[in-house]
There are 2 protein chains.
Amino acid sequence: MRHVCSLCKVACLRTLPTFYRLSLRNAVSRTLKLQQPLTRNTSQACNSFCQRSHTCGELRASHIGEPVTLYGWVQYKRFDFMLTLKDAYGITQIVAANTQNCISSVLSKIRSESVIKITGKVQPRQNEQINKEMLTGEIEVLAEDIELISECKDKLPFQPKDHAKVKESLRMQYRYLDIRTSKMQENLRLRSRIAMKMREFLCNHHGFVEVETPTMFKQTPGGSQEFVIPTRHPERFYCLPQSPQQFKQLLMVGGLDRYFQFARCYRDEGTKPDRQPEFTQVDLEMSFVNRENIYSLVEGMIEYSWPSNKTNLTLPFPKMTYADAIAKYGTDKPDTRFDMKLHDVSDIFINSGLSIFDDALKSTEGTVQAIAIRPHTHITNRDLENLQKLAKTRSEHGVIFIQVKDETTWRSPISKYLKDDMKNRLGDLLHMKPGDVILLAAGKYLSTCLLLGHMRIAVADLLETKGVNVRKTRSNAFVWVEDFPLFLPKENGKCESQTVELESAHHPFTAPHPEDAEFIYTKPDKVRSLHYDLVYNGAEIAGGSIRIHDAKLQKYVLDEILKEDSSSLYHLLEALESGAPTHGGIAIGFDRYISMLRGTQSIRDVIAFPKSWEGNDLMSGAPTKLTNEDIKDYHIEIQKKKS
Amino acid sequence: MRHVCSLCKVACLRTLPTFYRLSLRNAVSRTLKLQQPLTRNTSQACNSFCQRSHTCGELRASHIGEPVTLYGWVQYKRFDFMLTLKDAYGITQIVAANTQNCISSVLSKIRSESVIKITGKVQPRQNEQINKEMLTGEIEVLAEDIELISECKDKLPFQPKDHAKVKESLRMQYRYLDIRTSKMQENLRLRSRIAMKMREFLCNHHGFVEVETPTMFKQTPGGSQEFVIPTRHPERFYCLPQSPQQFKQLLMVGGLDRYFQFARCYRDEGTKPDRQPEFTQVDLEMSFVNRENIYSLVEGMIEYSWPSNKTNLTLPFPKMTYADAIAKYGTDKPDTRFDMKLHDVSDIFINSGLSIFDDALKSTEGTVQAIAIRPHTHITNRDLENLQKLAKTRSEHGVIFIQVKDETTWRSPISKYLKDDMKNRLGDLLHMKPGDVILLAAGKYLSTCLLLGHMRIAVADLLETKGVNVRKTRSNAFVWVEDFPLFLPKENGKCESQTVELESAHHPFTAPHPEDAEFIYTKPDKVRSLHYDLVYNGAEIAGGSIRIHDAKLQKYVLDEILKEDSSSLYHLLEALESGAPTHGGIAIGFDRYISMLRGTQSIRDVIAFPKSWEGNDLMSGAPTKLTNEDIKDYHIEIQKKKS
């Protein structure tokens, strides 16, 4: 395919078949910045070691008269002699000298999203063309030479500028077009910048060592969510790790006392929305620390890497016990940006005559809990019905609403049971005013709190859809949650002869709280742990703990309490016998954290090439079909379909 | 287990069962540096956010009188009142006040490699104790309080101090003990420091964006060395990628024009010594570049991250064509630290009467090549025999030696064929002197050059075992090798009707050299590529290329030249049609590079938890046996053993 310019009669084929080239003048002065000295000047940093002189976002009035070489994607064309050229850094207006020259004859054929090279000179825009909204709006580039680098095909599945209207599956299928949008560019660039700042904080300021640990490891006890990798050894498999937990503890035993890693982790959870089979943790571990040390370190790291366009953080972050979080927020991930806390109203409803309350309070674990809503807007009966429906998905009895019309008129399905004394006490405790709504729930303590915690979020969501600013948007509410239980009753566990089967609330390496250490051998279910979570605007973004560093205690926990086979952890137990420091650490869910900082709908928006909720790469089609022939080295066979 | 001090009669149980604590004095002033301000001072950086006041390597005479808290591993004990305490930063001498107190009674029981905490005061050493060789040799710490954090078991498989004598499999099995050695600490810490410096160079100085790409991907065409991961979808598998090649090209199409990543890559090569199934590449890609831009960037990055204790680098690195590398060094990985180059001596041996030469020179591809060795030491006949044996493993005829005894006496199996004229010409060409040895080989050009290239290294190794300094040790010889062939005849390929089946010399995305572009449709086997390798002291440490950015050319290469099914790369071809920039990049083999910088025997020495050459993790036992029950979600079955 040769392109001959109809005016110049010059064959423009250059080195490769689709390189068109159109020379207007013989000698165009070029300012390619080859091998330029290192610079800290970020505006020029992106032009080192490449063929452009400037990005499409950096030319200003001060550059007028300078010869420049720009590369970019054609955004808009106007009248065959003017176009806007874009790249990740901005947009520059390009004009051809006049409508009759060769440039415009090439321009007329170039489709948008094609890549071109422009050499030319910076000139001021005509007065009526100046665009103060645009960073490069005072100038334009008079093109002296245009080269078509790569022609865009006729019909793209979507134009990058329209990406907000495009459904996500199409964005994922054509991810490279999606990445061309300024939103995705900023997501990925912010992610990189924050990772870099965190590394500076850890490596350069606090003596941490980044260590890469294997991703081809072995199955951990109970590791049912681990992907397996068959090997050339019959029956033997690697597993992809859910975290580098064992490795980081072994590094501590190895005296590498300040470890971190941006660790790729893997979890096969089947199909869950907004989960990814592979994800990234900022994983760190230190020797000779207590949990407050870890809190301070993480606070310092978040502050150091905090985006400059966000409101300043207040350090230290507040702390809350697990018990308080459940009691006040009905969750271990409290969103402390708004109030609407839980209140224990059991006392008020003792012998209320209402069977749902009386039945609950018969048990020592029973409770009646309330939250008060100040709607600041009209809540319809339909809204309340929907909330009740939601509640019933979580609890047989759901919740009970009381609408406080005025001081005496309380509208509720249970209004005939509400004596004046009860109303007074409830009103005082919850500071009720006319227009407010009370939500009540009764039952076992934990499940009742969790139900109301769930309703609290649902009510906040509902009010926000009606325009009430419940969560102080732009506010950044971090809170440490601590003093979790060390063990929980096993789901579907047996309950023989009064002994409840226990499982680790987090993982079996978590140290017991020193104040409860004596109970570990007697009442392990009462022992709190040294686990901690960092919660950010109601989402758990980090979790960690001080670890068990004593081999005997670790073995006791595994063998006697968890009834796990500790033999597969023999190497770790042996390591703890070989001189182990006290140690602890944390892992930050980096995808989630960046997603929250950017306020994206999904973590997929801060991952360059995410998988769909079914685990598919919609762009490449992975995972793909393989045959027995393809996997013949691995001593496995594809199961025959059941007929 | 309670520990009661026999002198103090104080129960020393603290919070956890094996925490022993022995209080000598009630009020020991402590200087725990909790929540201290951020500091750039590296000597203090390692003490932020933890319980020690100082590391074991930092106390000096200037600290005398200061109260300190140290944690570390017991190295040596002397007389039950003195010990040396070590951590990753150094060693400090600890003394008890006198031999009769509680500290010494605890000390007497502590085994080396146990972890202890010491609080005490820095004091000068007695004159005869001062050790100028030791950084902390002017001081010692007078212990006021000792706490046993973790007792080391009686008999470790090896003492870290003895690790040089321990065989590698034992070091790998007890990797945490191995990591406790200063050698492994420095390997891992240097690796982290260099990675950090490279990131600073790329991110902070040159506008690169670090992007994490998936490690669960799809099989690439011809990806027979890719590990597979079964999924919950019948017959469908992910593959672990050998490199992020496709992703980085897609990022370029997405306008993310300066990408890098410390990328984990995977390759199932069965059992090969000094290979790892997972390894790390410093992977980068840029838009709008030529290969010289990439050279300059990499040179800048290596210089920026160059270890301060090494001799300075000279930039730019020299360049060499592939053809020159083969002609002069008999390899595409030339070790340019020493001479001993290949010489084409075909002209000299035309019609020599020696069938091995005459047969070779009959063919247009035939050659006779020579290298000259100046041994500077005695080479025995046995040495020559061994070299010949090695040569015969690579070529039927092996090599021919000529020992130049003096100007007229040339001892050789072919001496009767060596006419004076030949001797003169050989002597002149190779600058022979008495004592020198000539190695000759004849045959097809490439295989003959490769044979002598191999012998060149073997001779250098031999001479070095005899104490001759052949390679200038401590010299750092970097060289860029370029102008590789784009395609090579396929190994085991068919050769029907004059057309030789071709395969990519590197990968199918490599761009052809512009000077040869016209041949791609006519004589593809003659086309050079824009691939380049960076060779460091004879090892290839990086490879990259300018890529094809034209969809039609890419499709032609895949379909017409390589006869690959391009449908599995449909997404990439589609991307190239959607406005693709010119682009290129490189990947540095980071494990190998760090291993060479540290001069370690194997890349395993710079990997925290490496696998054995059979792919086993000797510490944890991975890969481990799984049963059909363990993998039941994945629609695969373990193959029944053949009886």
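Look at the loop between α15 (590–598) and β26 of chain A, and you'll find P623(A) sitting in it. The peptide bond that links A622(A) to P623(A) is cis, with omega at about -5°. Keep in mind as you go that this is a predicted model. Chain A has another cis bond to show you, this one between L315(A) and P316(A), where omega is about -10°. P316(A) also belongs to a loop, the one that runs between α7 (291–304) and β12 (319–321) of chain A. Why stop at bonds like these? Most peptide bonds are trans, and most residues other than glycine have a negative phi. That second point leads over to chain B, where F288(B) isn't a glycine and still has a positive phi, near 60°. You can find F288(B) in the loop between β11 (278–287) and α7 (291–304) of chain B.

Now back to β26, because there's a nice bit of strand-sharing between the chains there. β26(A) is joined by two bridges to strand β9 (residues 236–239) of chain B, and the two run antiparallel. Within that pairing, K625(A) has R236(B) as its bridge partner in β9(B). Step back a little and you'll see an open sheet of three strands, ordered β26(A)-β9(B)-β8(B), with antiparallel pairing. Its edges are β26 (624–625) of chain A and β8 (228–230) of chain B, each of which pairs on one side only.

Turn to the other chain's β26 and there's a pairing to find there too. Strand β9 (residues 236–239) of chain A and strand β26 (residues 624–625) of chain B run antiparallel and are joined by two bridges. Here R236(A) is partnered with K625(B) in β26(B).

Those strands are one part of the meeting between the chains, so how many residues does each chain bring to the contact? Chain A puts in 147 residues and chain B puts in 147 residues. The size of an interface is often given as the accessible area lost when the parts come together. For chain A and chain B, that buried area is about 13400 Å², with 58% of it on carbon and sulfur atoms.

There's plenty of polar detail to look at as well. Between chain A and chain B, 77 residue pairs are in polar contact, counting pairs with both residues at pLDDT 80 or more. On chain A's side of the contact with chain B, helix α5 (residues 182–206) gives the most, with 13 residues. Sort that side of chain A by class and you get 72 nonpolar, 42 polar and 33 charged residues. As for salt bridges, 14 are found across the interface of chain A and chain B. To see a salt bridge up close, try R199(B) and E210(A), whose closest N and O atoms are 3.4 Å apart.

Finally, take chain A by itself. It divides into domain 1 (20–150), domain 2 (166–322 + 475–643) and domain 3 (338–470). Between the C-alpha centres of domain 1 and domain 2 of chain A, the distance is 46 Å. Chain A also holds an open sheet of five strands, in the order β13-β14-β17-β15-β16, with antiparallel pairing. β13 (342–344) and β16 (410–411) of chain A are at the edges with a single partner strand each, so each has one side without a neighbour in the sheet. The partner of β13(A) is strand β14 (residues 366–373) of chain A, which runs antiparallel to β13(A) and is joined to it by three bridges. In that pairing, L342(A) lies opposite I371(A) of β14(A).

Notes
Residues numbered from 1 in each chain as written. Chains lettered and ligands numbered in written order. Predicted model: local features only at pLDDT ≥ 70, side-chain atom pairs only at ≥ 80, totals over all residues. Heavy atoms only, no water. Contact = heavy atoms within 4.5 Å. Buried area = accessible area lost by both parts, 1.4 Å probe. Salt bridge = Lys/Arg side-chain N within 4 Å of Asp/Glu carboxyl O. Polar contact = N/O pair within 3.5 Å; in protein donor to acceptor, adjacent residues only side chain to side chain. Helix = DSSP H or I, 4+ residues; strand = E, 2+ residues; numbered from the N terminus. Nonpolar A, V, L, I, M, F, W, Y, C, P; charged D, E, K, R; others polar. Pairing = 2+ DSSP bridges. Domains from an automatic or database assignment.
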